[in-house]
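Subject: Structure handover and what was found in it

Dear colleague,

I am passing on the structure we talked about, and below it you will find my notes. Please keep it open beside you while you read.

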Amino acid sequence: MCDYSLHHVASRPATVGDKLVTTKFVNTPTGGFAAVDNPNVAVCLRPGTELAFERDVECEPAFGILPSRKIGQRLARFRQVNMEQPCVHHDALEFPDGKIVLVTRLREGQRATVLQMPAALRGEHVAVAASGSSEWALERLLSTVE
């Protein structure tokens, strides 16, 4: 899914293995994810998608003069929040320690890899990684970083 304010931005769905970067999209008040090699196209994540960041995730400060805030986590699961409120940002990341951060609050330029997509809903066709295991995906990611 892509947040409501990205409906006028070119977009595509995420796939396992995508290399993403956090960005602010032109002519929108919203930040989100784009492919590293195509920064003008929003990459939309489905709730339950798991991401691994290259470094600890950082958020924009509440006030522009303060430094960015480090979350202290590299793994996150995409989810949507405040769905009962139509005109607020819904896209968020949930971290293993329970912290939830709106995607639009992420500092620009952070890189992440899509580790695993959520299970398919009845009737949906989703490509499944050859192993089907997030442990395998994490091992593969770590081997490329080292």
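Is Arg107 buried, partly exposed or exposed? With a relative accessible area of 28%, Arg107 is partly exposed. Before going further, please keep in mind that this is a predicted model.

Confidence

The chain has an average pLDDT of 80, and 73% of the residues reach a score of at least 70. Among the elements of the chain, E5 has the highest mean pLDDT, at 97, whereas helix H1, which covers residues 134-145, has the lowest, at 52. Over residues 122-133 the pLDDT falls below 50, and beyond near neighbours in sequence this stretch makes six contacts in the model.

Strands E8, E9 and E10

Strand E8, made of residues 75-80, pairs with strand E9, made of residues 91-94, in the antiparallel sense and over four bridges. Within this pairing you can look for Phe78, which stands opposite Leu93 in E9. E9 also pairs with strand E10, which spans residues 100-102, again in the antiparallel sense but here over three bridges. In that second pairing Glu94 is the residue that stands opposite Ile100 in E10. The hairpin of E9 and E10 has five residues between the strands, and in this hairpin Gly98 takes a positive phi near 95 degrees.

Salt bridges

How many salt bridges does a search of the whole structure find? The search finds six, and three of the pairs are described here, beginning with the one that involves Arg107.

The side chain of Arg107 meets that of Glu58 in a salt bridge, with a distance of 3.2 Å from N to O. Because Arg107 lies in the loop between E10 and strand E11 (111-116), while Glu58 belongs to strand E6 (residues 58-59), the pair ties together parts that are 49 residues apart in sequence. Glu58 has a relative accessibility of 14%, and since buried means under 20%, Glu58 counts as buried, whereas its partner Arg107 is partly exposed.

Another salt bridge joins Arg77 to Glu50, and here the closest N and O atoms are 2.7 Å apart. This pair, too, links distant parts of the chain, for Arg77 is in strand E8 and Glu50 is in strand E5 (residues 50-53), 27 residues apart. Arg77 counts as partly exposed at 43% relative accessibility, while Glu50, at 16%, counts as buried.

In a further salt bridge, Glu94 is joined to Arg79, with the closest N and O atoms 3.2 Å apart. Glu94 is in strand E9 and Arg79 is in strand E8, so that the pair links parts of the chain 15 residues apart. Both residues are partly exposed, Glu94 with a relative accessible area of 28% and Arg79 with one of 29%. You have already met Glu94 as the residue opposite Ile100 in E10.

A buried threonine

Lastly, please look at Thr30, which lies in the loop between strand E2 (19-24) and strand E3 (31-35). Why does Thr30 count as buried? Thr30 counts as buried because its relative accessibility is 1%. Although Thr30 and His89 are 59 residues apart along the chain, their C-alpha atoms are separated by 8.2 Å.

With best wishes

Methods:
Residues are numbered from 1 along each chain as its sequence is written. Side-chain values use heavy atoms; hydrogens and water are left out. Helices (H or I, at least four residues) and strands (E, at least two) are DSSP runs, numbered from the N terminus. Buried means under 20% relative accessible area, exposed over 50%, partly exposed in between (1.4 Å probe, protein chains only). Two strands pair if DSSP finds at least two bridges between them. A salt bridge is a side-chain nitrogen of Lys or Arg within 4 Å of a carboxyl oxygen of Asp or Glu. pLDDT is the predictor's confidence in each residue, from 0 to 100. Contact means heavy atoms within 4.5 Å.
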